[in-house]
Amino acid sequence: MAAMKILIVDDEPAISETLAYALRSDGFTTESCTLGAEALALLGRGDHDLVVLDVGLPDISGFDVCRSLRRQSDIPVLFLTARSDEVDRIVGLELGGDDYVAKPFSPREVVSRIRAILRRLRPEPRLAAPAPAPAGRFTVDADGQRIAYHGQWLGLTRYEYLLLALLLDRPGRILSRTQIMENVWQDGGESLERTVDTHIKTLRGKLRALHPDEDVILTHRGLGYSVAAG
């Protein structure tokens with residue numbers, strides 16, 4: 001990951017410079033800007049590997065930047081915010097954010113989270129070319145943290161992967177929202193159950209985009225969710 005380029009979008013120079021220094025010290029290259037419109041223009045070049053995006057920008061919100069960005073790009077997004085509001089966190093994840101950090105934060109923690117996102121979405125190449133996804137309904141590659149559906153690798157966020165892998169590990173078993181949050185979200189006690197529903201919805205959308213007539217994630221009203229066995 002030494003050559004990976006990170007765009008930092010934050011209007012507070014102290015934060016932007018501190019984070020840029022930590023990233024460069026860890027082998028990344030960085031570029032910074034302070035406005036959402038400028039960020040969209042820079043990201044339009046397509047030469048960044050991840051964007052660290054402040055929610056409270058002077059011109060347009062980081063959420064609006066992400067919403068526009070998702071119309072043309074799947075680049076990983078790590079949100080920064082001065083607030084730890086649950087609603088903000090959920091909105092960011094609903095828009096396609098890959099992770100969320102509240103200020104004040106440790107620059108080293110942010111760098112660690114960035115590395116985790118990049119490892120998950122872009123596994124380091126192996127000596128041999130990776131084999132195509134085998135046929136079958138689902139294939140879980142735990143090392144690469146990815147899941148194939150009918151032979152096609154899904155583009156999943158961190159929590160989408162963890163949630164689907166959890167359900168697939170227990171086919172036919174109903175898991176409550178509380179059980180899912182305890183197993184998937186490390187800070188589950190600080191999250192809302194709506195987070196689970198949101199991620200189930202996005203997972204269903206990605207699965208149905210490949211096979212519209214197949215519904216494998218089942219809702220059990222008042223109980224929770226399961227993956228159809230077989």
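In the next few minutes I will go through a small sheet and two helix packings in this model, which is a predicted one.

Let me begin with the sheet. It is an open sheet of three strands in the order 6-7-8, and the pairing in it is antiparallel. Strand 6 and strand 8, the latter being residues 152-153, stand at the edges with a single partner strand each, so one side of each of these two strands has no neighbour in the sheet.

Looking at the pairing in detail, strand 6, residues 138-141, runs antiparallel to strand 7, residues 146-149, and the two are joined over four bridges. If you want to follow the register on the screen, Thr139 stands opposite Ala148 in strand 7, and Val140 stands opposite Ile147 in that strand. As a reminder for reading such pairs, side chains in a regular strand alternate between the two faces of the sheet. The hairpin of strand 6 and strand 7 has four residues between the strands, and in this hairpin Gln145 takes a positive phi near 50 degrees.

Now to the helices, where helix 6, residues 158-168, takes part in both of the packings I want to show. Two packed helices are described by the angle between their axes and by the distance between those axes.

Against helix 7, which covers residues 177-184, helix 6 packs at an angle of about 120 degrees, with the axes 10 Å apart. Since angles of 65 to 115 degrees count as roughly perpendicular, that value makes helix 6 oblique to helix 7. The crossing of helix 6 past helix 7 is right-handed. Helix 6 contributes Tyr159, Leu162, Leu163 and Leu166 to the contact, while helix 7 contributes Ile180, Asn183 and Val184. Sorted by class, this contact of helix 6 with helix 7 has six nonpolar residues, one polar residue and no charged ones.

What, then, is the angle between helix 6 and helix 8? Helix 6 and helix 8, residues 194-210, pack at about 85 degrees, with their axes 10 Å apart, and these two helices are therefore roughly perpendicular to each other. On the side of helix 6 the residues are Tyr159, Glu160, Leu163, Leu164 and Leu167, and they meet Val196, His199, Ile200, Thr202, Leu203 and Lys206 in helix 8. The residues in the contact of helix 6 with helix 8 divide into seven nonpolar, two polar and two charged.

Methods: Residues are numbered from 1 along each chain as its sequence is written. This is a predicted model: local features need pLDDT of at least 70, side-chain atom pairs count only at pLDDT 80 or more; totals for chains, interfaces and linings use all residues. Side-chain values use heavy atoms; hydrogens and water are left out. Two strands pair if DSSP finds at least two bridges between them. Axes are lines fitted to C-alpha atoms, for helices over the stretch in contact, and angles run from 0 to 180 degrees between N-to-C directions. Angles under 35 degrees count as roughly parallel, over 145 as roughly antiparallel, 65 to 115 as roughly perpendicular and the rest as oblique. A crossing is left-handed if the near helix is turned anticlockwise from the far one by less than a right angle, and right-handed if clockwise. Contact means heavy atoms within 4.5 Å. Ala, Val, Leu, Ile, Met, Phe, Trp, Tyr, Cys and Pro count as nonpolar, Asp, Glu, Lys and Arg as charged, and the others, Gly among them, as polar.
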